[in-house]
Amino acid sequence: MGSRLSGIARLTAAAVAAGVVTAAIALPAVGGTGAMFVGASEDLGIKPEELKEPPLAEQTTVLDADGNEIAWFYEQYRKTVSLDQVAEVMKKAIISIEDYRFYEHGAIDIEGTMRALAKNLASGGIAQGGSSITQQYVKQVLLNSATSEKEKNAALEASYARKLKELRYAMAVEAKYTKDEILEKYLNIAYFGAGAYGVEAAAQRFFGVSASKLTLSQAATLAGAVQDPNATDPNLGKKQRAKLLDRRNVVLNRMAELKKITQEEADAAKSRKLGYKGTPIPGGCGTSKYPYFCMYVRNEILSNSDFGKTAKAREQFLNRGGLTIKTTIDPKMQKAAEQAIKKHVFASDNPVASEALVQPGTGAIKAMAASRAYGTNKRKKEMSYNVVADAVHGGGVGFQAGSTFKTFTLLTALDQGMKINDGFTVGSGYRAPYYSTFKNCKGENIADPSHTVTNDEGGGGFKSLATGTWGSVNTFFMMLEQKVGLCSVVKTAKSLGIKRSDGLPLQEFSTFTLGINEMDPVTVANAYAAIGARGKYCAPMAISSIKDRNGKVTTYKPKCKQAIDPEVTDAAANILSGVFTKGTMRGVGGIGRPAAGKTGTTDSQATAWFAGFTPDLAGAVSIGDPRGAVNHKLNNITIGGRYYGSVFGASIPGPIWKDTMIAALKGVPPTDFTPVNSSRFGGCGSSCQPRQPVEPEQGDDGDGFDVRFGGEDG
């Protein structure tokens, strides 16, 4: 012992003579054979310093409504495991090569540090680390806690100051935890290469097994990788794999030298091939079964203050939190939407069809599907944005919703006291009689008496709320909007969650009722779901619960309000159900249960929609060309292998919606709509005889149609 002390003293003296403050590095913390240096450590002021240990960045897992994994988010691909979930041979391998006296010494290994110190003195700098596993853990904590490049560089710099700081932290760590706890923490924080953090993720990434199933050869490979994981990253190529193989054999030789394994076992393991499998790292919406819904969930968390006060906090919550997020998506309904779209629209078609399903009364999103795959491969016509959702949730500008907006004017008229068979006579064209005919919600006159709205098909005559809706008569709805007030219609739409897909303010022009605003299927489906819920509007909901890394579960309830008088929506549902039997969907037919809906086709067939609902499920389908709907209209076009002279709401969106709903609701008992209050609304719907017409001031007939005003054929 005396000779060892004198040796240390000589090294320390040499270090001081060289002008380098190295004495502190040679002084271990309490514990093991380092106990004799406690006094010297205190003399030099080396005191334990508490190490802040933020939770490790852990993988967040996203589940569907049935509990199946559908997506993963993470800053670092890591799966934290307890020490008893790690194979014994893995523990032996990592200790043998990194710190073979780990269970015998304190915060640092005296002998290892002395060897490193001697070499450092000879080289005039930090040539060898001599770090214990505890010190390596400290270094990784500091590196993982760094929030700036400056902090990262400080955690990695080759300096005695950094070593001294690590030692102080290591002393505190050794006092706070058992050796097994430290080893467990180290195995979970270490980077092994190939994007894998922690031994469990590395075992799965490298060999497709859990850490508990690692063989001797595999364990030695992972133990060898931690020294320089970038240089031995097997995912980078043959050169790096060769280095990793050499490093594995070094570990096996060391294990045999320390009698942890026999030489025969080492030789047998060295004869094996590397065996790297490169199991794909799960994660990101590009690898999800439901990429568009995945994007919605991700952006919901990143944009919603419910999940963090700042954007940075929300990002860390998602990517580092180790969460288990249960969502609302229903695999059966999702499959129904995907198959229905695939039947009618091919991925290779220029137009793209997209659909969202929403549950009335909760706002729960049950499906989000599109005809094209999500991705960046332009040759395969993949979509690089969320075509089913708004810009806040990763979407784009959307498509004009066409005559699906007439429903909001219908609701407004019913709410203002009109009956189902009230109406008026209209012509084949509508022109505002004077500038003050329409006022936006700022009270500004926005009517354009020089512009004429026409019906693409059908003429004028008496139209009631019912027949005007069934025929989707443009001139009727312009007059109806004039009667009830543009701002009132806008307020009705907003009360049902209507907002532009691109996030800009709604365009409050006189043709608002004809659907001139760009929408996304989630927003439209959710608005129609509120009608199905008898006027109860619920914000779109994708997340039902989140379990944090400690097992605490937070449940998220629907955010709902009564937006419209239930009896008004009953009357609207009564009228809209006639769309399937007497209106624009009569050629497509119903779904074998009570249902209501509205077609939508914009000017000259730039885009086409169908939105519909039952009391159990609502959905909206859109189709348009993402290259630019105005310049790439749906005329004289082949879609899904079928030629169309012109595409209307009932041509493709309607059949997609029908096929989806039949499959999605299979096995679900049908729910009837609430009967109409006949004393208030007349109640008899399509069986009624028309009432006497109500004649508001009409606009002049005319011809010509400005493209910017949108609209649908009758």
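**A colleague's note on this predicted model**

1. Let's start with the whole chain: of its 714 residues, 55% count as buried (buried means under 20% relative accessible area, exposed over 50% and partly exposed in between, using a 1.4 Å probe and protein chains only). This is a predicted model, so local features need pLDDT of at least 70 and side-chain atom pairs count only at pLDDT 80 or more, while totals for chains, interfaces and linings use all residues. Residues are numbered from 1 along each chain as its sequence is written, and side-chain values use heavy atoms, with hydrogens and water left out.

2. Next, the parts list. The chain has 23 helices and 23 strands; these are DSSP runs numbered from the N terminus, with helices being H or I of at least four residues and strands E of at least two. Among contacts with a separation of 6 or more, 72% come from residues 24 or more positions apart (contact means heavy atoms within 4.5 Å).

3. Now have a look at strand β19, residues 596-601. Is β19 enclosed or open to the outside? 6 of its 6 residues are buried, so β19 is largely enclosed by the rest of the structure. In a regular strand, side chains alternate between the two faces of the sheet. Here both faces are covered: Ala 596, Lys 598 and Gly 600 are buried on one side, and Gly 597, Thr 599 and Thr 601 on the other.

4. β19 has a partner, too. It pairs with strand β20 (residues 608-613) in the antiparallel sense, over 6 bridges (two strands pair if DSSP finds at least two bridges between them). Gly 597 sits opposite Gly 612 in β20. The two strands make a hairpin with 6 residues between them, and Ser 604 in the turn has a positive phi of about 55°.

5. There is also an open sheet of 5 strands, in the order β2-β1-β6-β16-β17, with mixed pairing. At the edges are β2 (69-73) and β17 (553-555), each pairing on one side only. On average, neighbouring strands are turned by 20° against each other, direction ignored. Strand β16 (residues 543-547) runs antiparallel to β17, joined by 3 bridges, and Ser 545 stands opposite Thr 555 in β17. Helix α13 (residues 291-303) lies across β2, β6 (324-327) and β16, at about 45° to β2.

6. On to helix packing. Helix α3 (residues 88-98) packs against helix α11 (residues 238-257) at about 95°, with axes 9 Å apart (axes are lines fitted to C-alpha atoms, for helices over the stretch in contact, and angles run from 0 to 180 degrees between N-to-C directions). That makes α3 roughly perpendicular to α11 (65 to 115 degrees; under 35 is roughly parallel, over 145 roughly antiparallel and the rest oblique). Residues making the contact include Val 89 and Ala 93 of α3, and Val 250 and Met 255 of α11.

7. Compare helices α16 (residues 406-415) and α18 (residues 474-484), which pack at about 45° with axes 10 Å apart. That makes α16 oblique to α18. Among the residues that meet are Leu 410 and Ala 413 in α16, and Phe 477 and Leu 480 in α18.

8. Finally, a loop residue worth finding: Ile 46, between α2 (38-43) and β1 (60-63). Ile 46 counts as buried because its relative accessibility is 3%. Its C-alpha atom is 9.3 Å from that of Lys 165, although the two residues are 119 apart along the chain.
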